[in-house]
Amino acid sequence: MCGIIGYVGSQAAGPILLEGLHRLEYRGYDSSGIAVLNHAGVLAIHKRAGKLADLTASIEESPDGCIGLGHTRWATHGAVTDRNAHPHTSSASDVVVVHNGIVENFRELRSRLQRSGIETVTQTDTEVIPQLISLYQQEGGDFLTALRRTMAVLHGGNAIVALTQARPDHLYVARNGHAGGVVLGFGEGEMFVASDLPALLPHTTRIRHLADGEIAAVTAEGARIWDRSGATVPLEPLQVDLDPVAAMKGQYRHFMLKEIMEQPRTLSDTIRGRARIDPPSVELADLPMDDEALRALRRVLIVGMGSSLHAAMIGRTYMERLAGIPADFDNASEFRSREPLLGPETLVVSISQSGETVDTLAAMQHVAEIWKAPQVTVCNVEGAQSTRITDGAAIYLRCGPEVGVASTKCFTASLAALYLLACRIGIARGHLDGPTAEHAIECLLATPSIVDRMLEQREAYEALAARFAEAEHMLYIARGIQYPIAMEGALKCKEISYIHAEGYPAGELKHGPIALIDRRVPVVAIALRDALYEKLVSNIQQVQARGGTVFAIGSEGDEQLAAGAAFFAPVPESDPLVAPLATAISAQLIAYYLALARGADIDQPRHLAKTVTVE
């Protein structure tokens, strides 16, 4: 995801901003920029498409001033150009902003600005933010009030840092949701703002993460923070340990919970710079196949194991629906033994978060040596063995280290990567045209905020865990594209809580599993209001008629389903193709809190390894 840096103090801001952006380069970007306000109140803005070195080379003289902000951007709205790079200003040039996240309702807000006589000059969603702040200031009220009004009308997860010439000694920071994180750093007579710790740690180890709904006014002497209601919030800076493991875990009890909570950001990181709305397109830099090669494909085969296999199952649906191409999935450990029939018209997609899973590597090697079929790997580690087998053809997940053995953020990021690949193929083949491509991409761009809303409910899962922590068996049921999530939920339950759990397509119940149902075997049912909803409700009724206890994962507002379930997890409305990214969160939280209640070793479950390197 994009990188943010801000500084206010007594030092020259320019070099600090550029250094901070350099420390955030690992997050990836396609343009960068800084804004510095000098002592005379003059704003200097430098921004460039391309790498940070291009920006640095374009700055002939370091801007004078001790307050400023900077940004590295992945393009989603608009092309990669100097004009579309951050920072962005209002028409009156009285407000300058950098922004992480996606303004999901930017078209509506842009139309509102146009009705007020304000024309935007970039293709970005971000520009509406400084324009709105400036407009609300003109309508009366101070900068803080205008900022609060602006944040209230933005849809989606967003983090911003703003600077105004009217308050030349202040940075303003605001956050909605978890998709865009932002951290305050407390120095001696100076303050720092960043989207991630690496940009702060060279300067300070006293930090404060801004929470959802909070706004901060930052000066060289410190900060004041308010919540969404306008009430003042205690600062309570945290002293972070420079030990890298402790710093990585942060405020969370377990890495698994931290990695669950990071998913709005990691989804954004995986999507940004690849999916674009204007024009609707998908750019996969490490996929060497051009449109002609993609049009020549006749089949896609996706291989993986464990959570990666469940992602592959969903990926098959993406390929069929979005790419319009026949597709299948296979367990990598069984792949070679059945002597599959492939050819140059089959694209083989492997999924391995480490890129070192031995069975998956063996399957890939078999494809390379025997069938010479084109391959691409979905992987979280650059330069891993899987990427060497594919000669660098990869879709990298950009999740950062996943420490917990049970995969969470890499699973949902794999789904996003497969969705992107399917859209790329679908656009090349003409299966997705302008409007359908735009709809598909917009649905994916909305997933970080949908996942964010799912995570807001996490405390409710503790009550569920306390009630059923003694269960020794569980069943997970679903239909269609949600069936792999039932399998993934059961796998997570087995991995970390040591409860025997199985995932089934709900239509399979009467073919055997229903014999296990009684009050001691809870059933997790994924029943969203989609084309298969009525069938799933019928299956739930069959479970309840036999004394079974149902945990329902269903659509928001489904009062009937909620009334009949022992526990109900509401899922925000979304397109059925991206809904698995939301229901996966429920599956992860159920497993985590059951394991917590049972006192299990969550991050290092017995007998399991993070990377499986033996067959």
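R228 is exposed, with 52% relative accessible area. In this predicted model, the side chain of R228 forms a salt bridge with that of D212, at 3.0 Å from N to O. D212 sits in the loop between β11 (206–209) and β12 (215–219), and R228 sits in the loop between β13 (222–226) and β14 (232–233), so the bridge ties together parts that are 16 residues apart in sequence. D212 is partly exposed, at a relative accessible area of 27%.

**Salt bridges**

- The count of salt bridges comes to 22.
- One of them joins the side chains of D330 and R338, with an N to O distance of 2.4 Å.
- D330 is buried, because its relative accessible area of 9% falls under the 20% limit.
- R338, the partner of D330, is partly exposed, at 43% relative accessible area.
- A salt bridge also links the side chains of K494 and E502, where the N to O distance is 3.8 Å.
- This K494–E502 pair counts as a salt bridge because 3.8 Å is within the 4 Å cut-off.
- K494 is partly exposed, with a relative accessibility of 33%.
- E502 is partly exposed too, with a relative accessibility of 26%.

**Salt-bridge network**

- Five residues, K258, E262, R265, D269 and K409, are connected by salt bridges into a network.
- K409, a member of this network, is also the residue at which helix α14 (residues 409–429) begins.

**Nonpolar cores**

- The largest nonpolar core contains 102 residues.
- Within this core, the residues with the most contacts are Y318, M319 and Y419.
- Helix α14 (residues 409–429) supplies the largest share of the core, 14 residues.
- Y419 falls within the span of helix α14, residues 409–429.
- Apart from neighbours within four places in sequence, Y419 is in contact with Y318, L322, A440, C443, L444, L577 and V578.
- Y318 therefore appears twice here: as one of the residues with the most contacts inside the core, and as a contact of Y419.
- A second core, separate from the largest one, has 27 residues.
- Among the residues of this second core are V95, I118, L132 and L144.
- Each residue of a nonpolar core is buried, so V95, I118, L132 and L144 each have under 20% relative accessible area.

How values were computed:
Residues numbered from 1 in each chain as written. Predicted model: local features only at pLDDT ≥ 70, side-chain atom pairs only at ≥ 80, totals over all residues. Heavy atoms only, no water. Helix = DSSP H or I, 4+ residues; strand = E, 2+ residues; numbered from the N terminus. Buried < 20%, exposed > 50% of the residue type's maximum accessible area, 1.4 Å probe, protein only. Core = buried A, V, L, I, M, F, W, Y, C linked by side-chain atoms within 4.5 Å. Contact = heavy atoms within 4.5 Å.
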